[in-house]
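Thanks for coming. I will walk through one structure today, starting with a term and then going from one region to the next.

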Amino acid sequence: MRKRSHRFKAVAAVAAAVVLGLAGCDASGGDGGRGTAPSSRPSPKPVWNRSPDSIAAVGDSITRGFDACTVLSDCPQVSWATGTDTGVDSLAVRLLGATGAAEHSWNYAATGARMADLAGQVAQAVQRRPELVTVMVGANDACRSSTSAMTPVDDFREQFEDAMAVLRRSLPKAQVYVSSVPNLMRLWSEGRTSALGKQVWKLGICPSMLGNADALDAASTQRRATVQSRVEEYNRVLKEVCAKDRRCRFDGNAVFDYRFGPAQLSPWDWFHPSRNGQARLAEIAYRAVTAEAPVT
């Protein structure tokens, strides 16, 4: 009887220890919490950083601030992407502050650039190792001497994909903000009210859309519609290619949809953005870059 009593007490003690041990694990979030993440585990880092520390801009004359300060001249200090002009409050200034924008943003855009030039600009930009690359290009692919000279859509797509590949080979984690191509038809309809603007257009600004600005015959109307359709196709390409890259954000056609008026257009050519227009582009970009989720 004594042996059985000792044996019973020993088994009871072991059982009690096991119960207490299991209770202790549950209370501390140990084995009893299997299947749920411990509360102390850090949340996964978001793919998109809403406050990048450096910016490189690539693209065309709009990003160079062409005709915003003086006629037929670049004015990068008012660029929507990297400018330092306080009246514009560029994307770089909004994200990095005035000092940060001056030290950690770079503008590799070029007046007259087309999509075929983008890969070369990106190759320059990656040497700075920016955390964010802004892209605004495509208007010059549509603004040609004639509609037949416009960049074919398939070529436009291939060239954009090539530029993205150049970026990803060097900077796999860099973020990309892609602006839509502006609504060239709207720019024509606004600018044709300016006699001075139309005189500057004759110097060769976007002849496929702006040539014979006052002509409303069937052929001229069809020409402009063809250009507009090509711009819309370019924007579809920008959206589709960007959507394949988890660190790329397209603006959801925000620039294309923006209703540029006289205040937002250059007082010299009534086609490129003025300082005011550059500021509106900066606002659009800032909203897209700092949004919690991309525009769909």
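When I say that two residues touch, I mean that they are in contact, with heavy atoms within 4.5 Å. Please also keep in mind that this is a predicted model.

With that term in hand, take Gln-121. Gln-121 sits in helix α3, which covers residues 118-125. Is Gln-121 buried or exposed? Its relative accessibility is 5%, so Gln-121 counts as buried. Leaving aside residues up to four places away in sequence, Gln-121 touches Val-58, Gly-59, Tyr-108, Ala-109, Ala-110 and Ala-113.

From there we can step across to Ala-163. The C-alpha atoms of Ala-163 and Gln-121 are separated by 8.5 Å, although the two residues are 42 residues apart along the chain. Ala-163 belongs to helix α5, residues 153-170. Ala-163 counts as buried because its relative accessibility is 2%. With residues up to four places away in sequence again not counted, Ala-163 touches Leu-118, Ala-119 and Val-122.

Now the chain as a whole. The protein chain has eleven helices and five strands. Of its 296 residues, 48% are buried. Among contacts with a separation of 6 or more, 72% are between residues 24 or more positions apart. The exposed area of the protein chain is about 14,900 Å², and carbon and sulfur atoms supply 53% of that area.

Next, a pair of helices. Helix α6 is residues 184-191 and helix α9 is residues 218-243, and their axes come within 8 Å. The axes cross at roughly 135°, so α6 and α9 are oblique to each other. On the α6 side, the contact is made by Leu-184, Met-185 and Trp-188. On the α9 side, the contact is made by Arg-224, Ala-225, Val-227, Gln-228 and Val-231.

Each of these two helices also holds a salt bridge. As background, side chains of opposite charge can pair when their charged atoms come close. In α6, the side chains of Arg-186 and Glu-190 meet in a salt bridge, at 3.3 Å from N to O. Arg-186 and Glu-190 are four residues apart in helix α6, about one turn of the helix. Both Arg-186 and Glu-190 are buried.

In α9, the salt bridge is between Arg-230 and Glu-233, whose closest N and O atoms are 3.4 Å apart. These two residues lie in helix α9, three residues apart, again about one turn of the helix. How do the two partners differ in exposure? Arg-230 is buried, because its relative accessible area is 19% and the cut-off for buried is under 20%. Glu-233 has a relative accessible area of 27%, so Glu-233 is partly exposed. Salt bridges that share partners also join Arg-192, Lys-198 and Asp-214 into one network.

How many salt bridges does the count come to? The count comes to ten salt bridges. One of them pairs Asp-74 with Arg-64, and the closest N and O atoms are 3.6 Å apart. Asp-74 and Arg-64 are both in the loop between β1 and α2, ten residues apart. Asp-74 is partly exposed because its relative accessible area is 34%. Arg-64 has a relative accessible area of 17%, so Arg-64 is buried.

That loop brings me to the last region, a patch on the surface. Which residues make the nonpolar surface patch of about 280 Å²? The patch is made by Val-71, Leu-72 and Leu-203. Leu-72 is in the loop between β1, residues 55-59, and α2, residues 91-104. Val-71 also lies in the loop between β1 and α2.

On exposure, Leu-72 has a relative accessibility of 43%, so Leu-72 counts as partly exposed. Val-71 is partly exposed because its relative accessible area is 39%. Both values pass the cut-off for joining a patch, which is over 30% relative accessible area.

One more point on Val-71. Its C-alpha atom and that of Asp-269 are separated by 7.6 Å, while the two residues are 198 residues apart along the chain.

That is the end of the tour.

Technical notes: Residues are numbered from 1 along each chain as its sequence is written. This is a predicted model: local features need pLDDT of at least 70, side-chain atom pairs count only at pLDDT 80 or more; totals for chains, interfaces and linings use all residues. Side-chain values use heavy atoms; hydrogens and water are left out. Patches are made of residues with over 30% relative accessible area and no salt bridge: like charges are joined within 9 Å, nonpolar side chains (Val, Leu, Ile, Met, Phe, Trp, Tyr) within 5 Å. Accessible areas come from the Shrake-Rupley method with a 1.4 Å probe; for residues, only the protein chains shown count as cover. A salt bridge is a side-chain nitrogen of Lys or Arg within 4 Å of a carboxyl oxygen of Asp or Glu. Buried means under 20% relative accessible area, exposed over 50%, partly exposed in between (1.4 Å probe, protein chains only). Axes are lines fitted to C-alpha atoms, for helices over the stretch in contact, and angles run from 0 to 180 degrees between N-to-C directions. Angles under 35 degrees count as roughly parallel, over 145 as roughly antiparallel, 65 to 115 as roughly perpendicular and the rest as oblique.
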